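The following exercises concern the packing of helices and the burial of side chains. Each task is followed by a solution in steps.

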Amino acid sequence: MLDAQTPVHEDLIDHLVRTTPLQRGEAARVVLDVLSYFDETISEFVRRRHRELQAKGLTNPEIFERIEAELPHRAVAPPQLSLRQLRRIVYG
């Protein structure tokens, strides 16, 4: 994984420093966090969201419906997955 010292996306880091109150190190960390978030595989995203929504007290039918609605809005939308496919990702 990249660290805050890695000169990747310098133009974006420069932009954040110019347009926000973030210091350079903070801006680099934000960029790395966002890249890491969107670097999740579909399976990792589904499992993470299932855990998060389950912790909020949602039931599985509500959880899988919400995940199904969220997937097309990822940075690179994955293929549409059925509710059964979502369940298989979580439970194997």
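**Exercise 1. Classifying a residue by accessibility**

Determine whether Ser-36 counts as buried, exposed or partly exposed in this predicted model.

Solution. Step 1: Ser-36 is located in helix H2, which covers residues 24-38. Step 2: its relative accessibility is 34%. Step 3: the buried class lies under 20% and the exposed class over 50%, so at 34% Ser-36 counts as partly exposed.

**Exercise 2. A charged residue in helix H3**

Establish the burial class of Arg-49 and list the residues that it touches, leaving aside those up to four places away in sequence.

Solution. Step 1: Arg-49 belongs to helix H3. Step 2: because its relative accessible area is 12% and the limit for burial is under 20%, Arg-49 is buried. Step 3: with residues up to four places away in sequence not counted, Arg-49 touches Arg-66, Ile-67 and Glu-70.

**Exercise 3. The pair H1 and H2**

Describe how helix H1 and helix H2 are oriented, and which residues meet.

Solution. Step 1: the axes of H1 (residues 10-19) and H2 come within 9 Å and cross at roughly 125°. Step 2: angles from 65 to 115 degrees count as roughly perpendicular and those over 145 as roughly antiparallel; H1 and H2 are therefore oblique to each other. Step 3: their crossing is right-handed. Step 4: from H1, Glu-10, Leu-12, Ile-13, Asp-14, Leu-16 and Val-17 meet Arg-24, Ala-27, Ala-28 and Val-31 of H2. Step 5: sorted by class, this contact has seven nonpolar, no polar and three charged residues.

**Exercise 4. The pair H4 and H5**

Carry out the corresponding analysis for helix H4 and helix H5.

Solution. Step 1: H4 (residues 60-70) and H5 (residues 83-91) pack at an angle of about 110°, their axes being 10 Å apart. Step 2: this angle makes H4 roughly perpendicular to H5. Step 3: Asn-60, Phe-64, Glu-65, Ile-67 and Glu-68 of H4 meet Leu-83, Leu-86, Arg-87, Val-90 and Tyr-91 of H5. Step 4: the contact has six nonpolar, one polar and three charged residues.

**Exercise 5. The nonpolar cores**

Identify the residues of the largest nonpolar core and the elements that give two or more residues to this core.

Solution. Step 1: in soluble globular proteins, nonpolar side chains tend to be buried together. Step 2: the largest nonpolar core has eleven residues, namely Phe-45, Val-46, Leu-53, Leu-58, Ile-63, Phe-64, Ile-67, Leu-71, Leu-81, Leu-86 and Ile-89. Step 3: two or more residues come from each of H3 (42-55), H4 and H5. Step 4: a second, separate core has five residues, among them Ile-13, Ala-27, Ala-28 and Val-31.

Technical notes: Residues are numbered from 1 along each chain as its sequence is written. This is a predicted model: local features need pLDDT of at least 70, side-chain atom pairs count only at pLDDT 80 or more; totals for chains, interfaces and linings use all residues. Side-chain values use heavy atoms; hydrogens and water are left out. Axes are lines fitted to C-alpha atoms, for helices over the stretch in contact, and angles run from 0 to 180 degrees between N-to-C directions. Helices (H or I, at least four residues) and strands (E, at least two) are DSSP runs, numbered from the N terminus. Angles under 35 degrees count as roughly parallel, over 145 as roughly antiparallel, 65 to 115 as roughly perpendicular and the rest as oblique. Contact means heavy atoms within 4.5 Å. Ala, Val, Leu, Ile, Met, Phe, Trp, Tyr, Cys and Pro count as nonpolar, Asp, Glu, Lys and Arg as charged, and the others, Gly among them, as polar. Buried means under 20% relative accessible area, exposed over 50%, partly exposed in between (1.4 Å probe, protein chains only). A crossing is left-handed if the near helix is turned anticlockwise from the far one by less than a right angle, and right-handed if clockwise. A nonpolar core is a set of buried Ala, Val, Leu, Ile, Met, Phe, Trp, Tyr and Cys residues joined through side-chain atoms within 4.5 Å.
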